[in-house]
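User: I am new to this structure and would like a close look at a single part of it. Could you pick one helix and walk me through its surroundings?

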Amino acid sequence: MKKETRKENKGVTGKGTDYSVYRLERKEAVISFLAGSVFGYLAFSIFFGVLPFGIVLAAAGGVVGIRSGRDFFRKKRDRSLMIQFRDFLDSLSSSFSAGQNVSSALFSAHEDMLLQYGEGSVMAQETKLFLCGMKNNITAEALFDDFARRSGKRDIKTFSDTFCICSRSGGNIREIVMRTTRTLNEKMQMEAETEAIASKGKNELLLMTLMPFVIVPMLKTLGESSISGNNIVTIAVKSISAAVIAAAFIIGRKITDIKF
């Protein structure tokens, strides 16, 4: 059975970003590959010390590094998106308080995003799409809904739904934006506090994972033959140990990775 390829969601303008997909830039890909390769080579060399196989493991580590790097940079982009979205709402709130309409408020928000984060930032690009869409007679409600769908973020989706209902029913948009901004600030502060608490466990996990790679070379320097030698028994023991360390790290990361 042929596997269906998921089509990337470019949005109503055809130029939007699908935030469920992340493509590494060349610099990011190189950094991720090198980090994975170096770790793979060092890990294999410390345990087994066989150069040819170490090169093979370095290549495999590079592939794993690219996958891990993609996940790391995607999460980094998602965090930037939420921070910038909060400031975007702050800008909208100020504009609505000054009596501006939706179109003027979005234009002001775009200027604020350019000043705060630069032209390449995610919200600067999104507000640019908002302005282009409205010039092409796409309603603000449709643009907000499209952005919420592409972002995949529950907070943005909630704001979009509330904004659409409020806009159609003639509600107080300024009050809605202010309340959403306040709620988002409180939630992000809570997330930061939770991450600070969880970081202790993450650091302990990393320390425990790296300890074998420090202990093994120390034992080799002391002339421990059971560690430095390679025979069927030692290779089997080392392989099982490496697998256990890798499995423990993966499980530990899943436990300490708190999703909001």
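Analyst: Happy to! The chain forms nine helices and zero strands, so described in a model that is predicted. From the N terminus on, the elements read α-α-α-α-α-α-α-α-α. Of the 260 residues in the chain, 33% are buried. Among contacts with a separation of 6 or more, 64% are between residues 24 or more positions apart.

Let us settle on helix α5, which covers residues 140-151. We can begin with the loop that leads to α5, then look at its two helix partners, and end with its charged side chains.

The loop between α4 and α5 holds asparagine 137. Its phi angle is near 65°, a positive value in a residue other than glycine. Asparagine 137 counts as exposed because its relative accessibility is 73%, and the cut-off for exposed is over 50%.

On one side of that loop is helix α4, residues 122-135. The helices α4 and α5 pack at an angle of about 145°, and their axes are 10 Å apart. Their crossing is right-handed. From α4, the residues in this contact are Met123, Glu126, Leu129, Phe130, Gly133 and Met134, and they meet Ala140, Leu143, Phe144, Phe147 and Arg150 of α5. Sorted by class, this contact of α4 with α5 has eight nonpolar residues, one polar and two charged.

Two charged residues of that contact, Glu126 and Arg150, are worth a closer look. The side chains of glutamate 126 and arginine 150 form a salt bridge, with 2.8 Å from N to O. This pair links distant parts of the chain, since glutamate 126 belongs to α4 and arginine 150 to α5, 24 residues apart. Are these two partners buried or exposed? Glutamate 126 has a relative accessible area of 2%, so it is buried. Arginine 150, at 3% relative accessibility, counts as buried too. As a general point, side chains of opposite charge can pair when their charged atoms come close.

Now for the other partner, helix α6, residues 154-169. The axes of α5 and α6 come within 8 Å and cross at roughly 165°. That angle makes α5 roughly antiparallel to α6, because angles over 145 degrees count that way. The crossing of α5 and α6 is left-handed. On the α5 side, the residues that take part are Ala140, Glu141, Phe144, Asp145, Phe147, Ala148, Arg149 and Ser151. They meet Ile156, Lys157, Phe159, Ser160, Asp161, Phe163, Cys164, Ser167 and Arg168 of α6. By class, the contact of α5 with α6 is made of eight nonpolar, three polar and six charged residues.

Some residues of α5 appear in both contacts. Ala140, Phe144 and Phe147 meet residues of α4, and these three also meet residues of α6.

One residue to pick out here is glutamate 141, which lies in helix α5. Which residues does glutamate 141 touch, leaving aside its neighbours within four places in sequence? They are Phe163, Cys164, Ser167 and Arg168, and these four are among the α6 residues listed for the contact with α5. Glutamate 141 has a relative accessible area of 16%, so it counts as buried, the cut-off being under 20%.

A second salt bridge sits within α5 itself. The side chains of arginine 149 and aspartate 145 meet at 2.9 Å, N to O. These two residues are four apart in helix α5, so about one helical turn separates them. Arginine 149 is exposed, with 57% relative accessibility, whereas arginine 150 is buried at 3%.

For context, the whole structure has 12 salt bridges. Salt bridges that share partners join Asp71, Arg74, Lys75, Asp78 and Lys153 into one network. Within that group, the side chains of arginine 74 and aspartate 71 meet at 3.0 Å, N to O. Both lie in helix α2, residues 51-97, and being three residues apart they are separated by about one helical turn. Arginine 74 is partly exposed at 25% relative accessibility, and aspartate 71 is partly exposed at 31%.

To draw the picture together, α5 packs against α4 in a right-handed crossing and against α6 in a left-handed one. Its arginine 150 pairs with glutamate 126 of α4, while its arginine 149 pairs with aspartate 145 in α5.

Technical notes
Residues numbered from 1 in each chain as written. Predicted model: local features only at pLDDT ≥ 70, side-chain atom pairs only at ≥ 80, totals over all residues. Heavy atoms only, no water. Axes fitted to C-alpha atoms, helices over the stretch in contact; angles between N-to-C directions. Parallel < 35°, antiparallel > 145°, perpendicular 65-115°, else oblique. Left-handed = near helix turned anticlockwise from the far one by under 90°. Contact = heavy atoms within 4.5 Å. Nonpolar A, V, L, I, M, F, W, Y, C, P; charged D, E, K, R; others polar. Salt bridge = Lys/Arg side-chain N within 4 Å of Asp/Glu carboxyl O. Buried < 20%, exposed > 50% of the residue type's maximum accessible area, 1.4 Å probe, protein only.
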